[in-house]
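Colleague: I should be grateful for guidance on how to read a structure of this kind, feature by feature. May we begin once it is in view?

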Amino acid sequence: MSRTNHTTYTIIQEDIKKQIFSGKLRPGDLLDSESKLCEKYGVSRETVRKALKQLVAEHLIYSKPKVGYFVSSPNHGDFTVSFTDTNQKGAVSYPDIKLIHPDQELLDILNIPSSQGVLEFSQLTKNEEGICVSYDKKYIPYVKSSPAVETEMRFSVFPDFALSKISTFSYYSEIEIKAVPAGEQLASVLNCPKEEPLLLVEQTFKQHDGKTIAFARHYGRQPYVTLTGISGQKNS
């Protein structure tokens, strides 16, 4: 497609987005037909369809066969969540990488037989002042037949190598967020009081066939680590 057509469909896309975010087009409203949009913008049907396709991909509109395109309703109960780590110039260390025999809870989470081992990675993060701000544990089912795992257990500088070997779109993750007391073990690792509340984010990585490929626990201390989120559509 030519540069002109690319620019034109983007202009149409942004114009409709502007109408949606300004409230001129409201959730449930029917957009003009493809023919009317072609006439309005003086472009081909192909160009209009590309603009509409992009808006569908952004979840701003949806189509009903033989009817047309409608403005979507944002779900303000669904949040896109992200971590904010104030540790910009601190240090990350990997105090331990080992093969473990998982307990029953971990066996159930990873859905593996009791005979299978698990690689356990520990990650400790400190800020510039040397304060321990977070602690991570990642668990990956161990497959002895993979020689790369043996090598990277010894030389890996970041324990995401197993996930890096899998296509980005072939897996997804689920999270559960809660507050937990540090307790004796975590207090010792993070050098904090045993009663200090920690932000715990448990993350399960799954392939689309339902197979669990990894599990992680992230323990963060306030005010060093926070969790933020956004709902609805943001006009960037």
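Colleague: Is Lys 98 buried, partly exposed or exposed?

Modeller: Please note at the outset that this is a predicted model. The general idea is a pair of cut-offs: under 20% relative accessible area a residue counts as buried, over 50% as exposed, and in between as partly exposed. Lys 98 has a relative accessible area of 35%, so this residue is partly exposed. Its salt-bridge partner is Asp 96, with 3.5 Å between the closest N and O atoms. Asp 96 counts as partly exposed too, because its relative accessibility is 28%.

Colleague: What share of the residues of the protein counts as buried?

Modeller: Of the 236 residues, 37% are buried. The accessible surface amounts to about 14700 Å², and carbon and sulfur atoms hold 51% of that area.

Colleague: How many helices and strands does the protein have?

Modeller: There are seven helices and 10 strands. As for contacts with a separation of 6 or more, 60% of them are between residues 24 or more positions apart.

Colleague: In what order do the strands of the open sheet lie?

Modeller: The general idea is that strands of a sheet pair through backbone hydrogen bonds, either parallel or antiparallel. Here, six strands form an open sheet in the order β4-β5-β6-β9-β8-β7, and the pairing is antiparallel. The edges are taken by β4 (91–100) and β7; each has a single partner strand, so one side of each lacks a neighbour in the sheet. On average, and with direction ignored, neighbouring strands of this sheet are turned by 15 degrees against each other. Helix α7 (residues 183–190) packs on the sheet, where it touches β5 (118–126), β6, β7, β8 and β9. The direction of α7 makes about 115 degrees with that of β6.

Colleague: Why is β5 described as largely enclosed by the rest of the structure?

Modeller: The description rests on burial: eight of the nine residues of β5 are buried, so the strand is largely enclosed by the rest of the structure. Its pairing may be followed on both sides. Eight bridges join β4 to β5, and Ile 97 stands opposite Phe 121 in β5. Nine bridges join β5 to β6, where Leu 119 has Ile 140 as its bridge partner. β5 and β6 form a hairpin with five residues between them, and Gly 130 in the turn has a positive phi of about 85 degrees.

Colleague: How many bridges join strand β6 to strand β9?

Modeller: Six bridges join these antiparallel strands, β6 covering residues 132–141 and β9 residues 212–220. Tyr 135 stands opposite Tyr 219 in β9. Beyond β6, in the loop that leads to α5 (147–155), lies Lys 144. Lys 144 counts as exposed because its relative accessibility is 64%. Its C-alpha atom is separated by 9.0 Å from that of Gly 117, and the two are 27 residues apart along the chain.

Colleague: Which residues does Thr 204 contact, leaving aside its neighbours within four places in sequence?

Modeller: Thr 204 is found in strand β8 (residues 197–207). With a relative accessible area of 13%, this residue is buried. Its contacts include Ile 109, Tyr 172, Thr 212 and Phe 215.

Colleague: How many salt bridges does the structure hold?

Modeller: The structure holds 13 salt bridges. In one of them, Arg 217 and Glu 202 meet at 3.0 Å, N to O. Arg 217 lies in strand β9 and Glu 202 in strand β8, so the pair ties together parts that are 15 residues apart in sequence. Both residues are buried. They also belong to a network of salt bridges that links them with Glu 105, Glu 176 and Lys 178.

Colleague: Which parts does the salt bridge between Arg 49 and Glu 34 tie together?

Modeller: The closest N and O atoms of Arg 49 and Glu 34 are 2.9 Å apart. Arg 49 lies in helix α3 (residues 45–57) and Glu 34 in helix α2 (residues 34–41), so the bridge ties together parts 15 residues apart in sequence. Arg 49 is partly exposed at 45% relative accessibility, whereas Glu 34 is buried at 16%.

Colleague: Which residues make the nonpolar surface patch?

Modeller: Phe 79, Val 81, Ile 175 and Ile 177 make a patch of about 350 Å². Strands β3 (79–85) and β7 (171–181) each give two or more residues to this patch. Val 81, in strand β3, is partly exposed, with a relative accessible area of 37%.

Key:
Residues numbered from 1 in each chain as written. Predicted model: local features only at pLDDT ≥ 70, side-chain atom pairs only at ≥ 80, totals over all residues. Heavy atoms only, no water. Helix = DSSP H or I, 4+ residues; strand = E, 2+ residues; numbered from the N terminus. Buried < 20%, exposed > 50% of the residue type's maximum accessible area, 1.4 Å probe, protein only. Contact = heavy atoms within 4.5 Å. Areas by Shrake-Rupley, 256 points an atom, 1.4 Å probe, with all protein chains shown as cover. Patch = residues over 30% accessible without salt bridge, like charges linked within 9 Å, V, L, I, M, F, W, Y side chains within 5 Å. Salt bridge = Lys/Arg side-chain N within 4 Å of Asp/Glu carboxyl O. Pairing = 2+ DSSP bridges. Axes fitted to C-alpha atoms, helices over the stretch in contact; angles between N-to-C directions.
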